[in-house]
Amino acid sequence: MSAPQIWTTTRFDLDLAERPLVMGIVNVTPDSFSDGGQHLDATRAINFCERLLGEGVDILDLGGESTRPGAPKVSADEEWARLEPVVRAALSLGVPVSVDTCKTEVMRRALDLGVDIINDVQALRDPGAEALVAEHGSVGVCLMHMRGDPASMQQQTDYVDVVDEVRDFLRARLDRMRELGVAASRITLDPGYGFAKTVEQNAELQHRQHELQALGCPLLVGWSRKSTLGALTGRPVDERLPASLAAALAAVATGARVVRVHDVAPTVDALKVWQAFMAPRKHGS
Ligand code: HH2
């Protein structure tokens, strides 16, 4: 089954056929694993959004709660207090705005402001969340695989075959979305690198990522600065840019159409070269 070439979102129909898109991460948190505290202040976060725009970002992904292993939970009110001024400002920048949250209440407030995409690392497993998204005619969604929650996920890595399980999980979530009447063109799927997976399982999943294309939805992936890249290179989190670029290219070479990254400018450059040298050519060119 071939994936839709357009990702329908609230205000924008995103073209995924022409080239892979870059989703820039803006964590409005004190404790995210690589940029915690850098954009907790709303003015700094908004300035950072503007900077990413200048660097060629295609989508802004705003998060108000860390999902790193063992991260403390924050209330919906606290998460929204961090996000609201940044979401409001980002919505005026002329670029799609995604909100990275697994809380239905935060989604509701973000949707009331008109955000374009809901990115949920829990794949809308909360019944309130899936109903809310189904009601919102055209908001785009990203459904990601993980097990458990950030507090417990790294104790839940006993897979028979990690790729089969990720595919089956995502297929079940897609079936549920279909039941609720959510159009396939609104959905991207994410294997969830680093979420309830060991280094070896992450590598196996990346090796066989093309198998997920059978699900018939575009793939969005986030490798940026993750600990598997640290394990492979021996580098601390602030020295993982080369590894992150290599991982982003591996991801697009195996079917990803959106890459979620912290370092937008270098990723845009790397993808331009990949596009010129490696992207499948259209018939006749
Ligand atoms: N990874 C993180 C957070 N959200 N969303 C999707 N769809 N895919 C991912 O791989 C993904 C995600 C973790 O990275 P980051 O946001 O930088 O860290 P933290 O969760 O600590 O804020």
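Student: What makes Y193 count as buried?
Tutor: Its relative accessibility is 0%, and buried means under 20% relative accessible area, with exposed over 50% and partly exposed in between (1.4 Å probe, protein chains only). So Y193 falls on the buried side. Bear in mind that this is a predicted model, where local features need pLDDT of at least 70, side-chain atom pairs count only at pLDDT 80 or more, and totals for chains, interfaces and linings use all residues. Residues are numbered from 1 along each chain as its sequence is written, and side-chain values use heavy atoms, leaving out hydrogens and water.

Student: How many aromatic pairs does the structure hold?
Tutor: Just one aromatic pair, and its partners are Y193 and W223.

Student: Why is the pair of Y193 and W223 called stacked?
Tutor: Rings of Phe, Tyr and Trp (its six-membered ring) pair if their centres lie within 6.5 Å, and planes under 30 degrees apart count as stacked, over 60 as edge-to-face and the rest as tilted. Here we have 4.2 Å centre to centre and 15 degrees between the planes, so both tests are passed and "stacked" is the word.

Student: What does that pair tie together?
Tutor: Parts that are 30 residues apart in sequence, because Y193 lies in the loop between strand 8 (187-190) and helix 6 (199-207), while W223 lies in the loop between strand 9 (219-221) and helix 7 (227-233). Helices (H or I, at least four residues) and strands (E, at least two) are DSSP runs, numbered from the N terminus.

Student: And is W223 buried or exposed?
Tutor: Buried, because its relative accessibility is 6%.

Student: How do you know how many disulfides there are?
Tutor: The rule asks for a pair of cysteine sulfur atoms within 2.5 Å, and by it the count is zero. C142, for instance, has its nearest cysteine sulfur, that of C217, 10 Å away. That distance is too far for a bond, so C217 has no partner in C142. C142 is buried, at 1% relative accessible area, and C217 is buried too, at 4% relative accessibility.

Student: What makes the link between D58 and R19 a polar contact?
Tutor: Their side chains come to 2.7 Å. A polar contact is a pair of N or O atoms within 3.5 Å; within protein, one must be able to donate a hydrogen and the other to accept it, and residues adjacent in sequence count only if both atoms are side-chain atoms. So 2.7 Å sits inside the limit.
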